[in-house]
Amino acid sequence: MDSERLDEQQLRSMPTSELVRLALEEARLLARAEVLHAKQELKSELRSATASGILIGTGGAAVLCAISVLLVALALLFHLPEPLAVALVGAVVLVVGVGAALAGVRKLPRQPLPKTQERLKRDVAIARERLS
């Protein structure tokens, strides 16, 4: 018997052991569904975190390159007239690096598994309503 197809009269006439069995079966199904949804959500967040990591790494590498170029420019200030060009290149690389790092930080998930948390809250509320 499927519990969705049972009307109130049928439920009242069922023995307690059968009602408990049905409740446990539905709880097991609900738990399996939540695990599947959580896995899908984790995969999605992992893809997003991977992209963020790549962007943050790229930004960090670009910032290191920019610092190197700016230090070379500083050294060249004392000997050659071209250091301004080198400094401008360093500044551009720095801006690109900071932009990439900020984009990566913005893509990081703020709240883990928000859909799963919402479903669990809804499930608890429904369970409380039906049990009271």
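A85 sits in helix α3. This residue is partly exposed, with a relative accessible area of 48%. A85 and A73 are 12 residues apart in sequence, yet their C-alpha atoms lie 8.3 Å apart in space. The model in view is a predicted one.

How far can the prediction be trusted? The protein averages a pLDDT of 84. Of the residues, 92% score at least 70. Confidence is lowest in helix α1, residues 8-13, where the mean is 81. Confidence is highest in α2, at 88.

Stay with helix α3 for a moment. The helix runs over residues 83-107 and has 25 residues. From its first C-alpha to its last, α3 reaches 36 Å. That is close to the 36 Å expected at 1.5 Å a residue. Several residues of α3 are buried: P83, G90, G97, A100 and G104. V96 also lies in helix α3. At 53% relative accessibility, V96 counts as exposed, because the cut-off for exposed is over 50%. V96 and A62 are 34 residues apart in sequence. In space, their C-alpha atoms are 7.2 Å apart.

Now turn to helix α2, which covers residues 16-76. One of its residues is L74. L74 is partly exposed, with a relative accessible area of 45%. L74 also belongs to a nonpolar surface patch, made together with L64, I67, L71 and L77. The patch is about 500 Å².

Charged pairs come next. A search of the whole structure finds 3 salt bridges. Start with E18, which forms a salt bridge with R21. The closest N and O atoms of this pair are 2.5 Å apart. E18 and R21 are 3 residues apart in helix α2, separated by about one helical turn. E18 counts as partly exposed, at 21% relative accessibility. R21 counts as partly exposed too, at 36%.

R21 has another partner. A salt bridge joins R21 with E25, and here the closest N and O atoms are 2.9 Å apart. Both residues lie in helix α2, 4 residues apart, again about one turn of the helix. E25 is partly exposed, at 33% relative accessibility.

The remaining salt bridge is between R119 and E34, whose side chains meet at 3.3 Å, N to O. R119 lies in helix α4 and E34 in helix α2, so the pair ties together parts that are 85 residues apart in sequence. How accessible is each partner, buried or exposed? R119 counts as buried, at 15% relative accessibility. E34 counts as buried as well, at 10%. Both values qualify because buried means under 20%. Elsewhere, salt bridges that share partners join E18, R21 and E25 into one network.

R119 leads on to its own helix. Helix α4 spans residues 114-131 and has 18 residues. The helix reaches 26 Å from its first C-alpha to its last. That is close to the 26 Å expected at 1.5 Å a residue. Which residues of α4 are buried? They are T116, R119 and D123. These residues cover an arc of only 65 degrees around the axis, which puts them on the same side of α4. The face turned away from this buried side carries the exposed residues K121, R128 and E129.

One more residue of helix α4 is K115. K115 is exposed, with a relative accessible area of 61%. Compare its place with that of A100, one of the buried residues of α3. K115 and A100 are 15 residues apart along the chain. Their C-alpha atoms are separated by 28 Å.

To retrace the route: α3 holds buried residues including G90 and G97. Helix α2 holds L74, and L74 helps to make the nonpolar patch. R119 and E34 link helix α4 with helix α2 through a salt bridge. In α4, the buried residues lie on the same side of the helix.

Notes: Residues numbered from 1 in each chain as written. Predicted model: local features only at pLDDT ≥ 70, side-chain atom pairs only at ≥ 80, totals over all residues. Heavy atoms only, no water. Helix = DSSP H or I, 4+ residues; strand = E, 2+ residues; numbered from the N terminus. Expected span 1.5 Å × (residues − 1). Buried < 20%, exposed > 50% of the residue type's maximum accessible area, 1.4 Å probe, protein only. Arc of directions from axis to C-beta. Patch = residues over 30% accessible without salt bridge, like charges linked within 9 Å, V, L, I, M, F, W, Y side chains within 5 Å. Areas by Shrake-Rupley, 256 points an atom, 1.4 Å probe, with all protein chains shown as cover. Salt bridge = Lys/Arg side-chain N within 4 Å of Asp/Glu carboxyl O. pLDDT = per-residue confidence, 0-100.
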